[in-house]
Amino acid sequence: MQERRKRAPTTQVLVVDDEEDIRELIELTLARMGLGADSAGTLAEAHRLLGERPYQLCLTDMRLPDGDGLELVRHIGSHCRDLPVAVITAYGSMENAVAALKAGAFDYLAKPVSLDSLRALVRSALKLTEATADPAAREQGQGLLGNSPAMRQAREMIDKLARSQAPVYVSGESGSGKERAARLIHERGPRVKQAFVAVNCGAIPENLMESEFFGYRKGAFTGADADRDGFFQAAHGGTLFLDEVGDLPLSMQVKLLRAIQEKRVRRIGGTQEEPVDVRIISATHRNLRALVEAGRFRQDLFYRLNVIELRMPALRECSEDIPLLAGHILERLAAQAGGASPRLSAEALRALAAYPFPGNVRELENVLERALALSDGREIASADLNLAPPPAPEPGSGPAFQLQMPLQDHLDQVERQAILETLKKTRFNRTEAARLLGVTFRSLRYRMERLGLNE
């Protein structure tokens with residue numbers, strides 16, 4: 001009986017490092033995962049191998065005898081667009097890691113190389129290759145409607161970000177779809193089958209933050225009757241979305257920075273750190289750079305979170321998309337109510353297009369939900385929209401008027417004052433207050449939570 005020939009691995013990884021022992025360690029680990037590997041000790045040799053055969057992943061050191069690992073990252077980004085490349089950096093060289101991620105690297109490893117981290121990185125990279133080749137996966141992420149240039153640009157950026165593990169900072173006004181964008185980045189990437197954990201940083205009491213983020217051991221404090229996972233453990237293998245990250249207190253910012261850099265966390269009451277593999281996406285409606293300048297947000301954490309920025313446009317920048325968005329929202333609302341979707345009159349469409357929508361898409365949904373209840377069920381007229389008129393300019397303000405704070409902070413202040421005055425008028429009857437404000441009870445509850453008005 002003839003001895004069966006072992007098949008060569010079909011998945012090949014290119015390992016580029018001038019240290020032979022590092023190459024051998026990585027090759028052995030890859031072989032145990034059933035993967036093949038080619039090694040190169042120089043940049044020139046890596047270029048030669050890339051020209052001879054296809055690879056599914058490239059691992060490269062940052063320092064090579066004849067060049068820089070960043071040069072290889074950029075070369076692969078230009079000539080091998082579907083090839084994920086990860087960099088190996090010296091311990092503590094976060095500046096190099098961030099520079100590589102900005103140049104297009106998929107992820108990074110720190111020396112000394114952790115085999116657990118190496119295996120997790122390889123699995124994520126290969127899942128990305130599979131997702132790219134899967135037609136069903138390519139159809140994911142079409143949830144941001146609109147054909148305006150600003151929305152098309154946002155969708156293109158999301159497609160690029162889905163192919164990376166770099167931390168992403170999503171900026172934009174309240175209601176502009178920051179969490180939706182974060183979910184699309186997750187859904188289109190290699191972590192789609194793992195958890196997407198969304199955390200509202202502004203809604204967690206400061207004294208509970210550490211236990212909520214990192215978990216705790218049984219007996220760590222009164223009431224800790226069992227081990228509990230934190231957000232990092234819950235998101236292991238997936239994505240952790242930190243919404244309103246600008247609301248984190250400085251003490252928690254220090255601990256979050258270390259967890260992100262080291263990729264390890266320690267539970268309260270625990271004696272050892274445990275590795276965590278999460279992709280970080282953060283967002284806030286506040287101006288983080290201004291918070292850094294004011295000393296309210298750590299600069300090192302800002303640069304660690306803001307490796308790549310995705311800006312979500314305000315609805316007023318995409319006014320040509322309003323008819324499409326409104327039609328889609330009305331269909332969904334009508335389906336939930338079990339009826340047919342009414343059409344918008346020409347006057348109503350003009351009124352929507354002219355309205356500035358300080359609350360963006362979220363406000364558009366609230367307006368249409370209210371209009372659906374007020375309309376005859378067949379057509380929504382402009383009067384059914386009940387849009388607030390623009391505020392009259394103060395005497396003498398003229399064109400020289402300037403806000404004394406960021407626009408969103410000013411809008412939040414106006415909204416907070418309006419809600420408080422209405423609550424006082426209704427003796428804090430929230431149902432009646434919602435009716436007077438022209439919003440749903442659910443919308444009022446959300447706004448009060450966002451503005452910190454809940455008892």
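Helices, of at least four residues, and strands, of at least two, are DSSP runs numbered from the N terminus. The model described here is predicted.

**Overall make-up**

The chain contains 20 helices and 16 strands. Of its 455 residues, 46% are buried. Among contacts between residues at least 6 apart in sequence, 70% link residues at least 24 apart. The exposed surface of the chain comes to about 24,100 Å², and 49% of that area is supplied by carbon and sulfur atoms.

**The largest pocket**

The largest pocket holds about 1,700 Å³ of space. It is lined by 49 residues, and those closest to its centre are Gly175, Val361, Arg362, Glu365 and Tyr446. By class, the lining divides into 15 nonpolar, 15 polar and 19 charged residues.

Which helices and strands each supply at least two residues of this lining? The helices are H8 (178–187), H14 (322–337), H16 (360–374), H18 (407–425) and H20 (441–450), and the strands are E9 (196–200) and E10 (239–243). Val361, Arg362 and Glu365, which are among the residues closest to the pocket centre, fall within the range of helix H16 (360–374). Tyr446, also in that central group, falls within helix H20 (441–450).

**Backbone features in loops**

Two residues other than glycine have a positive phi, and the table sets them side by side.

| Residue | Phi | Loop | Relative accessible area |
|---|---|---|---|
| Glu244 | about 50° | between E10 and helix H11 (250–262) | 9% |
| Phe357 | near 50° | between helix H15 (346–354) and H16 | 1% |

Buried or exposed: which describes Glu244? Glu244 is buried, because its relative accessible area of 9% is under the 20% cut-off. Phe357 also counts as buried, since its relative accessibility is 1%. Each loop adjoins an element that helps line the largest pocket: the loop of Glu244 begins after E10, and the loop of Phe357 leads to H16, with both E10 and H16 supplying at least two lining residues.

A further backbone feature is a cis peptide bond between Lys111 and Pro112, with omega at about -5°. Where does Pro112 lie? Pro112 is in the loop between strand E7 (107–110) and helix H5 (115–133).

Note on methods. Residues are numbered from 1 along each chain as its sequence is written. This is a predicted model: local features need pLDDT of at least 70, side-chain atom pairs count only at pLDDT 80 or more; totals for chains, interfaces and linings use all residues. Side-chain values use heavy atoms; hydrogens and water are left out. On a 1 Å grid over the protein atoms alone, a cavity is a set of points where a 1.4 Å probe fits but cannot get out, and a pocket is an open set with protein on both sides within 12 Å along at least five of seven lines; lining residues have an atom within 4 Å of a point. Grid points are joined across faces, edges and corners, and a volume is the space filled by probe spheres set on the points. Ala, Val, Leu, Ile, Met, Phe, Trp, Tyr, Cys and Pro count as nonpolar, Asp, Glu, Lys and Arg as charged, and the others, Gly among them, as polar. Buried means under 20% relative accessible area, exposed over 50%, partly exposed in between (1.4 Å probe, protein chains only). Contact means heavy atoms within 4.5 Å. Accessible areas come from the Shrake-Rupley method with a 1.4 Å probe; for residues, only the protein chains shown count as cover.
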